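Let's take a walk through this model together, one stop at a time. Keep the 3D view open and turn it as you read.

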Amino acid sequence: MRCSTIWSAATGKGGYSLHPVHGLRCQVARHIGDVATADAEFERWRTAPQDESSDCAGCVPTAMAFHLAWRGAHAEAIAIAEPVLSGELTCVEQPQGILSALIEPYLRTGRYEAAVDAHRRTYRVHRRYETRYLFSLGTHLFFCAVTGNHARGLELLERHLGALDAPPSPMDAMEFAASAALLLDRLAACGHGDLTVRRPAHQDRPAAELRVTELRDQMRDHALALAARFDARNGTTAQSTRIRDRLAAEPVVAELLLTEYAPRPRPAAASPEPLPEPLADTWQDLLDQAEQWRRTWRKEQARAAWRRFDELTVGVELPSWARGRRAEAEGWFHDMDGDHAAAVEHYRAAADHYAAAQLDADRHRVLSLLGQSLAEDGNRTEGLALLQQAVAYLDEHGTPTQRVGARIRLAAHLMFRGELAHARKLLEESGYPDADATARAQVLLLLATISAATHAPFPEQEALLAQARREARDSGSPRLVVEAACRHAQLLRASGQDAWDAAWQALEEAEAHLIPDLPPGAETSVLLTRGQWLCEDQEYEQAAVVLAEAVAQATALGIAPMAAHAKVLLARAYHAIERYFEAAEAAEEILAAEQHLVSVDRKAVREILARSLGELGELEDALARWDEIIAMEDDPAQTAVLHVEAARVLSRMGRHAEAAERHAATAVLWEELDEPYQVYEQHYCRAVALLLAHRVADAHTAHQQAEQWLKRAEAHPELRIPAEHLKNQRGLLHHSKARIMAAEGLLTAAVAEAEKAYALFREVDEQRAAEYLKFLARMREAADEAEDAR
């Protein structure tokens, strides 16, 4: 408003409402802590009529929501602001302004999902204009501090800390600094006080890596100093009190997940399987019971049996063979936990006990386990020697199952070394049909792995995995069933659609045998497979649910490559079901850890992000992503397609001349590839873009080129363009030529071109022709008016 208008509004003169004046008075009273005046002005503000001097329909409720939140009336703040979100907000400050105002009210009223959504959506805007939105960035830091999202908060703080050096106002700086101090204090309280945060250089202050506790103290002192300056000016203590309250804010919730795929505690249902039978009463029987459960990889059940064994044998002088079995079991537990160094110690002890008991077959069996652990722990020379020694002895003196087990371990090591032929021979000559079902299943799975690595025909691989599934069922081991069924499912899926039903049945068998005792990542791998297949079948709603769980599990387990691949698929599913915000967020997170992506995913995730950003209206970023993909592409045809995508974004941004340049570059690429129809399309699009850029002469030239290339496409010996399609394209050419001539002021000629377009459209599509009559009528009317004016 002009000064005279402001004065008229402030005094109620000139017919203006006092609505904005009451709002400003409420804000000032709130700032100095005058609660009674703030409340009174708020009521006047709320009831005063709005007029042109008032703020917009989005910003007024936002400001009112801030006051209500200040008064602790969080439900009222939501009630007054939320209805505005259902309307169309065109203000540059909205909807991010109103959503920012609702973040804390949502938290205080338990509407956690709404708070998360408001935080994520508004931060996408605030992050681009950090100086302008420094106050709001402080709100995001506060949100992270009181919801257990300390890692996210630290990331945001480090990204935007430099903006504090050039704040738009002392109030913005105070809010940001106080919230930063609260966040850093939470980090310190959680034991992360020694983490460092990079603070950029500013004027005479050099860049520095500051410990969390050190930066916390700096932020706290800065916020309190600014509050003291406000209070000294105002003659109150309101701001110092408010900032101290902010610094002492308690968590609202221990941990609030920000996405569907955030790592989270496993549900209670993921507790160990109940024991299938009561624990035995004697230590001798417990040995057999524990061994049976170990053989089927039921780790927690076996552990329970051994714990009971230890209780019953306190003070008992165990025979050497029993001590050997106990030491072997402990080695196996460490192996399953990935602690091969500890496993080695226990296997050595077990071997010594078996030697004392003169159980040479058991001793060599444990030496085989020892060799495997040594090899996995990096001592491959000694490990290989022990593996070979065990095979030589047990081939002569062991049971069929002992003999096969030793060969399995040696073959697995040889496969790791790339000696596939040697490994295959060891397994095929092991006599595995005479061993137990567990050993038979393991041999078949290894043989299937070798067959796949040597690109054996599908029937050979399929037969091995089908047999492995049958043996795995007989073994009673869920772990083997899951591995065999999942691998068989993947092979069947890859063989073609005729086998897809069988593939789904195999995958469902794997899912039915998922138990908590399986190795880390087993369930995640099955989920990832299901999610990928659902994407391939275009069942994206279901895929998103499954893949979100797969990402959460893989992230929690620290399996970064699996998490990255699952998140790429999840982003694709989100995009397909038009959840563009979630697709963009997931894609940006993926690119932040791009080192875990395979090459095919590097382009795919950028394309998902570019398309999602386009749908969200973030066109500058979308264009940048399309250009990234173009720079990565080495296929000229694909490069041409990508330039068209970039041109579309430029057109949406109103940068029509630049869009025309992209179409021109694309035309050159298609010309080099001898694709005349695609060249025609690009010159046609170029002509339209140049017309929109008001470069009429250039549009005319581009249009002539389009006409020439359509004729070449029609005459091309290898192109058989349908007649109806050609008529439609010629109709479009006449239509665009009519528009160009109209822009040149040649209205009579423009009408003639429009009539030609109409005639062609009538031959192709009566409905389209009927709609086109409106354009033709406007052309004729304009031509008549021009003629009358003469």
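A residue counts as exposed when its relative accessible area is over 50%, as buried when that area is under 20%, and as partly exposed in between. Keep in mind that you are looking at a predicted model.

Let's put that scale to use straight away. P278 has 69% relative accessibility, so it counts as exposed. You'll find P278 in the loop between α12 (238-247) and α13 (283-295). From P278 to Q289 is 11 residues along the sequence, and their C-alpha atoms sit 9.9 Å apart in space.

At the other end of the scale, take a look at E509, a residue of helix α24 (residues 500-512). Is E509 buried or exposed? Its relative accessibility is 13%, and 13% is under the 20% cut-off, so E509 counts as buried. Who surrounds this glutamate? Setting aside neighbours within four places in sequence, E509 is in contact with R469, R473, V481 and A485.

Now for the helices, and how they pack. Start with helix α5 (residues 74-85) and α6, whose axes come within 9 Å and cross at roughly 140°. Angles over 145 degrees would count as roughly antiparallel, and this one falls short of that, so α5 is oblique to α6. The crossing of these two helices is left-handed. On the α5 side, the meeting residues are H74, A77, I78, A81, E82, V84 and L85, and on the α6 side they are I98, L99, L102, E104, P105, Y106 and R108. Sort the residues of this contact by type and you get 10 nonpolar, 1 polar and 3 charged.

Two of the α6 residues in that contact deserve another look. E104 and R108 form a salt bridge, with their closest N and O atoms 3.2 Å apart. Both belong to helix α6 (residues 96-108), where they are 4 residues apart, about one turn of the helix. R108 has 39% relative accessibility and therefore counts as partly exposed. E104 comes out at 22%, so it is partly exposed too.

For another helix pair, move along to helix α19 (residues 400-416) and helix α21 (residues 437-453). Their axes are 10 Å apart, and the helices pack at an angle of about 20°. Because angles under 35 degrees count as roughly parallel, that is the label for α19 and α21. Here, too, α19 passes α21 in a left-handed crossing. From α19 the contact takes V404, I408 and M415, while α21 supplies A439, Q442, V443, L446, T449 and I450. What types of residue are these? The residues of this contact divide into 7 nonpolar, 2 polar and no charged.

Back to salt bridges. How many are there in the whole structure? A search finds 64. One of them pairs R127 with E588, the closest N and O atoms being 3.0 Å apart. R127 sits in the loop between α7 (112-126) and α8 (134-146), while E588 is in helix α28 (residues 580-592), so this pair ties together parts that are 461 residues apart in sequence. With 24% relative accessibility, R127 counts as partly exposed, whereas E588, at 18%, counts as buried.

Stay with R127 for a moment. Not counting residues up to four places away in sequence, R127 touches H160, E588 and E618. Zoom out a little and you'll see a network of salt bridges linking R120, R124, R127, R128, E585, E588, E618 and D621. For a sense of scale, try E277: its C-alpha atom is separated from that of R127 by 59 Å, with the two residues 150 apart along the chain.

Our last stop is the salt bridge between the side chains of R606 and E628, at 2.7 Å from N to O. R606 is in helix α29 (residues 599-616) and E628 in helix α30 (residues 619-632), so to speak a link between distant parts of the chain, 22 residues apart. R606 is buried, with a relative accessible area of 8%, and E628 is partly exposed, with 28%.

How values were computed
Residues numbered from 1 in each chain as written. Predicted model: local features only at pLDDT ≥ 70, side-chain atom pairs only at ≥ 80, totals over all residues. Heavy atoms only, no water. Axes fitted to C-alpha atoms, helices over the stretch in contact; angles between N-to-C directions. Parallel < 35°, antiparallel > 145°, perpendicular 65-115°, else oblique. Left-handed = near helix turned anticlockwise from the far one by under 90°. Contact = heavy atoms within 4.5 Å. Nonpolar A, V, L, I, M, F, W, Y, C, P; charged D, E, K, R; others polar. Buried < 20%, exposed > 50% of the residue type's maximum accessible area, 1.4 Å probe, protein only. Salt bridge = Lys/Arg side-chain N within 4 Å of Asp/Glu carboxyl O.
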